[in-house]
Amino acid sequence: MELQRLRVVFRTALELPDNAAVDSLEYRGIEKWDSLAHMSLVAAIEDEFGVMLDTDEVIDLSSFDRARQILEKHGVVLLAD
Amino acid sequence: MLTDVFTRTQPEKEERLRGELVELLGHHRRHCPPYARILDALDQDGEPATLADLPWLPVRLFKTRKLSSVPDDEVIRVLTSSGTTGEVSRIHLDRAAAATQSRMLARTLGTVLGPRRLPMIVVDRSGVVGDRRSYSARGAGALGMVNFGRDHLWLLDADDRPDVAALKEFLGRHGDSPFLVFGFTFMVWRYLYEVARDHGLDLSQGILVHSGGWKKLVDQAVDNAEFRRRLGADTGLTRIHNFYGMVEQIGTVFLEGPEGGSLYCPDFADVIVRDPVTWREAPIGTPGVIEVLSTLPTSYPGNVLLTEDLGVVHGVDDGHWPGKRFSVLGRLPRAEARGCSDTYVGGRS
């Protein structure tokens with residue numbers, strides 16, 4: 001699967017512009033990624049990739065990179081384009 | 001019930017905590033000049049021999065002073081708890097402290113919730129967290145809990161009326177397997193218990209986590225025992241865990257055990273109940289002022305705090321989990337009146 005799908009999920013859930021760079025985003029690193037948006041992001045990731053994240057993973061999901069790693073743990077490997 | 005944070009007997013805990021807290025207090029002394037001046041003024045000699053010898057700060061000091069042990073540019077969150085007189089505690093968290101507090105809160109509540117996120121009923125309205133800039137402390141409390149759930153139902157509508165149809169729909173979808181309920185104690189009573197009772201709804205698969213104190217239920221003669229009894233009898237809800245915590249020790253919660261009636265201290269925290277006249281530790285069974293100790297505060301000197309709450313220790317190493325078990329009895333009479341849901345994790349009614 002393409003990493004682009006995760007980028008789109010981030011942009012949509014965090015209400016960022018279509019071309020926003022998200023690969024280096026960190027939780028609370030931008031105003032829009034606050035704890036409320038975090039829940040939308042988690043729900044959006046779960047919907048898009050058909051996974052269920054545990055509480056630990058929701059708390060651990062502190063960056064775009066970590067999201068990618070957590071998805072990998074769930075068997076969703078995202079390839080960079 | 002498996003746990004990894006309610007494991008240590010009181011002697012083990014005290015030995016370990018004493019060393020860790022001495023270290024942390026030294027750290028704050030070196031990095032927070034106002035705190036160093038307070039300790040200097042106390043003029044304590046030598047290494048504290050017991051946890052009770054550690055110097056405590058009155059919790060309200062965080063309302064009048066900026067007490068932070070990290071440079072301003074490393075602070076990523078400033079938490080506030082509002083009191084009704086407008087005085088506000090300000091708690092400064094750096095990235096490490098913020099991460100630790102949410103992780104340890106998760107491990108503590110994970111003891112009763114398990115690792116999976118359960119379908120969740122929040123006994124509040126979604127608007128309570130809607131305004132991201134200025135959400136109330138009540139909103140912050142709910143927000144801190146939503147990580148533990150999924151498919152959230154916000155039970156109240158914009159006018160604070162319970163949405164019975166949505167509740168029935170939620171129970172139709174999720175009511176046959178464990179689900180999580182979170183709310184402030186009096187709101188759970190008023191908006192969930194009474195509605196479920198009147199509509200004959202089955203909450204027997206629920207796990208309720210609640211906080212905020214009993215003050216608003218006093219006129220209905222509802223205390224912890226009655227709360228548990230009636231929820232069980234009228235709705236089937238028996239897995240009920242009250243908790244006690246405060247924004248000044250964010251991430252640390254003292255959790256009611258499955259048997260009900262006692263709050264327990266996680267391994268990284270403890271309580272001491274003090275006689276308000278002599279300030280000596282009160283004997284088991286004797287009420288006094290609650291001091292809370294926790295190793296979680298690393299970015300501000302909040303490790304050893306004298307609260308404005310009254311409590312009583314019921315026993316030590318004789319309950320469902322090891323360590324002290326205790327109850328909160330209410331606010332100190334002279335303490336500032338605070339709305340019970342206007343505080344971060346409540347417990348300070």
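**Close-up 1. B:Ala221, an exposed residue in a loop.** B:Ala221 counts as exposed because just 7 C-beta neighbours fall inside 10 Å, and the cut-off for exposed is 12 or fewer. Keep in mind as you look around that this is a predicted model. You'll find B:Ala221 in the loop of chain B between strand E7 (206-211) and helix H8 (224-235). Its backbone is worth a look too: phi of B:Ala221 is positive, near 55°, and the residue isn't a glycine. For background, most residues other than glycine have a negative phi.

**Close-up 2. B:Asp317, another loop residue with a positive phi.** B:Asp317 is not a glycine, yet its phi is positive, at about 55°. The loop it belongs to runs between strand E13 (304-316) and strand E14 (324-331) of chain B. Is B:Asp317 exposed or partly exposed? With 15 C-beta neighbours inside 10 Å, B:Asp317 counts as partly exposed.

**Close-up 3. Helix H2 of chain B, out in the open.** This helix covers residues 33-42, and 1 of its 10 residues is buried, so H2 lies largely in the open. Right after H2(B) comes B:Asp43, and here phi is positive, near 55°.

**Close-up 4. Strands E4 and E5 of chain B, side by side.** Strand E4 (residues 118-125) and E5(B) run parallel, with 5 bridges joining them. Which residue of E5(B) stands opposite B:Ile121? That's B:Leu153. Strand E5 itself (residues 149-156) is mostly covered, with 6 of its 8 residues buried.

**Close-up 5. B:Arg190 in helix H7.** Here we're in chain B again, in the helix made of residues 185-199. B:Arg190 has 18 other C-beta atoms within 10 Å, which means that it is partly exposed; a residue needs 20 or more to count as buried. Now find B:Val123: it sits 67 residues from B:Arg190 in sequence, but C-alpha to C-alpha the two are 9.7 Å apart in space.

**Close-up 6. Where chain B touches chain A.** On this side, 14 residues of chain B are in contact with 10 residues of chain A. Helix H4 (95-113) and helix H5 (137-146) of chain B each supply at least two residues to the chain B side. H4(B) gives the largest share, 4 residues. What kinds of residue does chain B bring to the contact? Its side divides into 7 nonpolar, 3 polar and 4 charged residues.

How values were computed:
Residues are numbered from 1 along each chain as its sequence is written. Chains are lettered from A and ligands numbered from 1 in the order in which they are written. This is a predicted model: local features need pLDDT of at least 70, side-chain atom pairs count only at pLDDT 80 or more; totals for chains, interfaces and linings use all residues. Two residues are in contact if their C-beta atoms, placed from the backbone, lie within 7 Å. Ala, Val, Leu, Ile, Met, Phe, Trp, Tyr, Cys and Pro count as nonpolar, Asp, Glu, Lys and Arg as charged, and the others, Gly among them, as polar. Two strands pair if DSSP finds at least two bridges between them.
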